[in-house]
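I opened my notebook today to look up a few things in a structure and write down what I found. Come along and read over my shoulder.

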Amino acid sequence: MEQSSVLRENKDLLILGIESSCDETAAAVIKGGRTVLSNVISSQIDIHTLYGGVVPEIASRKHTERINQVIREALSDAGAALKDIDAIAVTYGPGLVGALLVGVAEAKAISFATGIDLVGVHHIEGHICANYIEHKDLEPPFLSLVVSGGHTHLVNVADYGVYEILGRTRDDAAGEAFDKVARAIGLGYPGGPKIDKVAKEGNPDAIAFPRAKVAASVYDFSFSGLKSAVLNYLNSCEMKGESIVVPDVAASFQKAVVDVLVENSMMACAERSCRKFALAGGVASNSALRAAMEEACRAGGIDFYVPSPVYCTDNAAMIAVAGYYEYCKGVRSDLTLNAVPNLPLGER
Ligand code: KG4
Ligand code: ZN
């Protein structure tokens, strides 16, 4: 991949974004980096729900079946044709390798056939850049917490495309913990939105679940102990013949996650004298997390940013936005672009 570091913006640029890293087949067209002309998301949730989680092989097949139609729809909703597109931005990692490959192969095929420039995008960078869509004033530097089904990263966004990871999860991602606990309390897949909903009826202080600290690194997270604590609580209730109050378990678990996410984020903001904070990723659509983070930022005099829920969970608009900034910095991918399931943030 080629790149220079000078950002040369062009507000007329049209970027076609393609996302297929997990169970959403998505395409979008973005103008000038921050204006969404179309945003098409074909979710596979119904199919994976039957199995209680994402089945990678099924995800790849469904992407293959749907991707052409999703791209056609994104172009037609935007009133654009391929000849109008300046660059194709595609997620090439991290994610499920078979799923990623569908988007990458599609983007390369279109680029090869039309000569349109190709830009490989990091999925987490996409999540962070989702904040630029509705917050036109937001510019780096700022701190961002990316909480998704696969990642929990506290990131210093030093500049467009320049990322420093301050903290990350040592085990489960925040979204993964939501999904596993939801399954254990019988809410099914996908767990995050279901816990969010049922927790509204529960008491967040009903059960004292642990707030894990990682001694070696103050900004790191750990959620596997919390998950085990919930499972132990459920087992002990069963052994004692006590019934479980699902909303209380959901609300208490959710509060334990939110407390740690907010505490580490605010500590990083304070220690780095950061005045801008942006939440991102699928778990950023959680109502309790949004409210608690907004309140903590307000108390700390920090400007708080979060995308609308539709731009928090996987979508291609965020990939097109990230692709725009990479493209404007001179990044171009060639036809050797490949899916990289464990792609580290900030590396090309
Ligand atoms: O960002 P995303 O769509 O996909 C990945 O990149 O992983 O995030 C999906 C994750 C899932 O674990 C899902 O349960 C969680 O985000 N999630 C939520 C909510 N909506 C989605 N977690 C908590 N509360 C929500 N409202
Ligand atoms: Zn994601």
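Below are my entries, grouped by place in the structure.

**Entry 1: the kind of model**

I noted before anything else that this is a predicted model.

**Entry 2: ligand 1 and its surroundings**

I began with the ligand and asked which residues around ligand 1 come nearest. I found 18 residues around ligand 1, and the nearest are Gly 149, Asp 179, Asp 196, Gly 282 and Asp 314.

Next I sorted that shell by class. I counted four nonpolar, 11 polar and three charged residues around ligand 1.

Then I looked up some polar contacts. For Asp 179, I found an N or O atom of the side chain 2.7 Å from an oxygen atom of ligand 1. For Gly 150, I saw that a backbone N or O atom lies 3.3 Å from an oxygen atom of the ligand. For Asn 286, I noted a polar side-chain atom 3.0 Å from a nitrogen atom of ligand 1.

How much of ligand 1 does the protein bury? I read that ligand 1 taken alone exposes 550 Å², and that the protein buries 89% of that area. I also checked the pockets, and the largest pocket is the space taken by ligand 1. I then asked which elements give two or more residues to the shell around ligand 1. My list reads helix 4 (123-134), helix 5 (174-184) and helix 6 (191-199).

**Entry 3: helix 4**

I stayed with helix 4, since it was on my list for the shell. Why is helix 4 largely enclosed by the rest of the structure? I found that 11 of its 12 residues are buried, so the rest of the structure largely encloses this helix. I copied some of the buried residues into the margin, among them His 123, Glu 125, His 127, Cys 129, Asn 131 and Tyr 132.

**Entry 4: Asp 196 in helix 6**

I came back to Asp 196, one of the residues that come nearest to ligand 1. I located Asp 196 in helix 6. Is Asp 196 buried or exposed? I read a relative accessible area of 11% for Asp 196; buried means under 20%, so Asp 196 is buried. I also found a polar contact of 3.3 Å between the side chains of Asp 196 and Lys 200.

**Entry 5: two cis peptide bonds**

I searched for cis peptide bonds and wrote down two cases. In one, a cis bond joins Gly 93 and Pro 94, with omega about -10 degrees. I placed Pro 94 in the loop between strand 4 (87-93) and helix 3 (97-114). In the other, the bond from Tyr 189 to Pro 190 is cis, with omega near -10 degrees. I found Pro 190 in the loop between helix 5 and helix 6.

**Entry 6: loops with something to note**

I looked at Ser 273 because its phi caught my eye: it is positive, about 45 degrees, although Ser 273 is not a glycine. This residue lies in the loop between helix 8 (246-271) and strand 9 (276-280). I read 57% relative accessibility for Ser 273; exposed means over 50%, so I wrote it down as exposed.

I turned to Ser 243 and found it in the loop between helix 7 (224-240) and helix 8. At 67% relative accessibility, Ser 243 counts as exposed. I also checked Ser 243 against Met 318: the two are 75 residues apart in sequence, and their C-alpha atoms are 43 Å apart in space.

Gly 32 sits in the loop between strand 2 (24-31) and strand 3 (35-43). I marked Gly 32 as buried, at 6% relative accessibility. Where does Glu 9 stand to Gly 32? I found them 23 residues apart along the chain, with 7.9 Å between their C-alpha atoms.

**Entry 7: Leu 166 in strand 8**

My last stop was Leu 166, which lies in strand 8 (residues 162-168). I noted a relative accessibility of 12%, and Leu 166 counts as buried. From Leu 166 to Ala 87 I read 79 residues in sequence and 31 Å in space, C-alpha to C-alpha.

Notes: Residues numbered from 1 in each chain as written. Chains lettered and ligands numbered in written order. Predicted model: local features only at pLDDT ≥ 70, side-chain atom pairs only at ≥ 80, totals over all residues. Heavy atoms only, no water. Near = heavy atom within 4 Å. Polar contact = N/O pair within 3.5 Å; in protein donor to acceptor, adjacent residues only side chain to side chain. Areas by Shrake-Rupley, 256 points an atom, 1.4 Å probe, with all protein chains shown as cover. 1 Å grid on protein atoms, 1.4 Å probe; cavity = no way out; pocket = protein on both sides within 12 Å on 5 of 7 lines; lining within 4 Å. Sits in = over half its atoms within 2 Å of the grid points. Helix = DSSP H or I, 4+ residues; strand = E, 2+ residues; numbered from the N terminus. Nonpolar A, V, L, I, M, F, W, Y, C, P; charged D, E, K, R; others polar. Buried < 20%, exposed > 50% of the residue type's maximum accessible area, 1.4 Å probe, protein only.
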